[in-house]
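Colleague: I would like a close look at one part of this model. Please pick a helix, walk me round it, and then place it in its chain.

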Amino acid sequence: MRADRKWLVLVGLTLSLLAAPIVQAQSDETASTGTSAEGLDVEVEQGGLVLIQMAIPRAINLDSKPDTIGLTEALSGTVKRDLTISSFFNILKPAQILAKSDREGMKPVYRDWFNSGAQGLIKISYRQVGKKVIADFRLFSVEGSEQVVLPKPFDGPIRIDASVKKLRAMAHEFANEVIGYYTKTRGFFGTQIVFVKGSRRTKEIYMMSADGVEETGLTGTRGINMLPSMGAGRLYFTSFRRGGPHAFRLGSGSTSPFAAYPGLNTGAVLSPDGSSVAITLSRDGNPEIYLLHPDTGKIKRRLTRSEAIDTSPAWSPDGQRIAFVSDRHGSPQIFVMNANGGGVERLTFQGDYNQTPDWNPKSGLIAFTARDERAIFDIFTVDVGTKEIKRLTQNQGNNEEPTWSPDGRFIAFSSTRSGTAKIYLMDQTGRYQHKLSTGAGAYLTPFWVRY
Amino acid sequence: MLITQVRWILVVGLSLTLAACGGRPVEALSAAEKAMEDASLAKTCAPDEYLAAQKLLDKAKALAEEGEHARAKATAIAAEKLAKKAIAKAQARKDECLNPKTPDGIDAAEFVDQSGPGLDAVDGMSEGMQVIYFEYNQPTLSDEAKETLDANADWLLKNETVSVTVEGHCDERGSTEYNLALGEKRAKEARKYLLRRGVDKNRISLVSYGEERPADYGTDEAAHQRNRRAVFRADE
């Protein structure tokens, strides 16, 4: 029996290797996994792309009544989309699967999944009880022929309000747990990205879920609204609705003016601790970076003093430093300073057009947009400590306005690779790239809500 | 594990011995049924154990029907045990199961602005004066731009009652925010020139539209050239 099983493992592994489109030779080390309480060791970032072969059959409806409100899609559809976007998995196609998921129910016939080439298996079942749905999310290690015990609430079925929104939220949580199990860091699903969607004459602020769906238009002025940012449940943006441009705050269904000093009031962004808003004001004659009170918009401190343009502040994760753009030496470059305006240091020396810094929430990497000698825009990172520059995008249209995911492993950005600008996602090496937005129109200046 | 197995053998063995002397195991069966009734929460919160217990109970009943009283009793006892295990597990995760903490997501609906169209939605540009153009990423005035500004200044000096807003614009390349700053620089250069030509400073206001209001929606260099501009709008 034991020997039998080993042989099966070998066959299964071979099959999964054959089935995987992107598995590199060094997967020998990482794919020979076995299950431990801490999950598998998957060297995703250093090595090549080693994808975990995952089967996610359609959620099983345990009721006799049909699913009329999209419960199946909200549950297994969401998990499948999340794990696909996450870049860590290869999701097996239905045609590859030999197992009969609906028939076997929540007790997998491991041999069938094994022979389908799956290393992991996600099974979800649900039934409706009144206005609730009892959903059961399970992760199985096919190689270990056992269910993986996940933390609460996923250690058994859970009762959730029967709304697509609530079910999707829980499905995102489950996907985050699964990603955490395999990669030791939870996923980012369930978070939001705010951005601008432009048509010819208008630009409006939108919000979407980080899996690229549930797009909601927030402003409807049919004017120009720009540069959204969000923190601590406060959404700031820039608009011409009263001239300016001025900074506004949006919440509870209404917009309130936030900063309307003479000249520019652009790009307000809340500090991680919520105590200050960094913003560009040109009330002194040219654009300078200021800190404002997050509620009143009153000036707390002026941070820069130069004759040049100083703009696009981005907070470090500890709130102690601010990256920004300045053309004080002739061309726009990335700088950092302390949050009190001292300790200014120039970070970029290559190129003559570096803009839109965004500070990784978990490290000292700053992503930014640079224009190269062909006048093409691409995304780079610069290490605050070593000033080492890395290029992440190339030869795929213009790529601009990077924003880090809350876990610091991904960057969302705006790209014209398919024509009109859309929001794409990539990992911090740039190897993995995925189109995130799904709608029409130009998608600009994404800002990933991180706190 | 070994101990449980031994225990299990003991239980079965004992039951067999007992059952050999008795008839239908009424007590064991009703105890198992009672346990299953108590396990209603487990049906939701520990379904694996619940279903397995249910299966055992069904089997015990079937065995009792067949007159296999000894095995029926042993199976019924096992069913009761498993049902109780299901109850314990369901109790332990009751809160998580019935009211799992929904993640504190952001509800987009709370941020939908209901205030309707803004003033800038009205597109009413009147151009009493001539437009000037700029080089890429430059706010400096070319000779041609200065000639146009001379003419605009003359017009303003003649039409003393008119106030003017100088709008700075950029092409679509570069970031939204930097271009707002650059557009302002362009508008300022133009205003500075008009002031030098003697136009009263109280008659000139500024606005930068950055790359937000292009004159030409094309994406080629010709369109970019037409968009890098300052526009002089006579205020009403």
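**Helix H7 of chain B**

Modeller: Helix H7 of chain B covers residues 143–158, 16 residues in total. From its first C-alpha to its last it reaches 23 Å. At 1.5 Å a residue, 22 Å would be expected, so the span is close to that value. Keep in mind that this is a predicted model.

Now go round the helix. Its buried residues are B:Ala145, B:Thr148, B:Leu149, B:Asn152 and B:Leu156. These sit on the same side of H7(B), because they cover an arc of only 100 degrees around the axis. Turn to the other side of H7(B), and B:Asp143, B:Ala151 and B:Lys158 are exposed. "Buried" here requires 20 or more other C-beta atoms within 10 Å of a residue's own, and "exposed" 12 or fewer.

What lies over the buried residues? The cover of H7(B) includes strand E1 (132–133), strand E2 (164–169), helix H8 (176–196) and strand E4 (229–234), all of chain B.

Take H8(B) from that list. It has 21 residues and reaches 31 Å from first C-alpha to last. The expected figure, again at 1.5 Å a residue, is 30 Å, and the span is close to it. Of the 21 residues of H8(B), 18 are buried, so this helix is largely enclosed by the rest of the structure. After H8(B) comes B:Gly198, with a positive phi near 100 degrees.

Next, the chain as a whole. Chain B contains nine helices and four strands. Along the sequence they follow the pattern α-α-α-α-α-α-β-α-β-α-β-α-β. Chain B has 236 residues, and 42% of them count as buried. Consider the contacts in chain B between residues at least 6 apart in sequence: 74% of them join residues at least 24 apart.

For a helix pair elsewhere, go to chain A. Helix H3 (residues 71–86) and helix H6 (residues 164–183) of chain A have axes that come within 8 Å. Those axes cross at roughly 35 degrees. The crossing of H3(A) past H6(A) is right-handed. On the H3(A) side, the residues that meet H6(A) include A:Leu75, A:Val79 and A:Leu83. Among their counterparts in H6(A) are A:Leu167, A:Ala171 and A:Val178.

Chain A also offers a covered strand. In strand E23 (residues 354–359) of chain A, six of six residues are buried. E23(A) runs antiparallel to strand E24 (residues 365–371) of chain A, and four bridges join them. A:Asp358 stands opposite A:Ala367 in E24(A). The two strands form a hairpin, with five residues between them.

Methods:
Residues numbered from 1 in each chain as written. Chains lettered and ligands numbered in written order. Predicted model: local features only at pLDDT ≥ 70, side-chain atom pairs only at ≥ 80, totals over all residues. Arc of directions from axis to C-beta. Contact = placed C-beta atoms within 7 Å. Pairing = 2+ DSSP bridges. Axes fitted to C-alpha atoms, helices over the stretch in contact; angles between N-to-C directions. Left-handed = near helix turned anticlockwise from the far one by under 90°.
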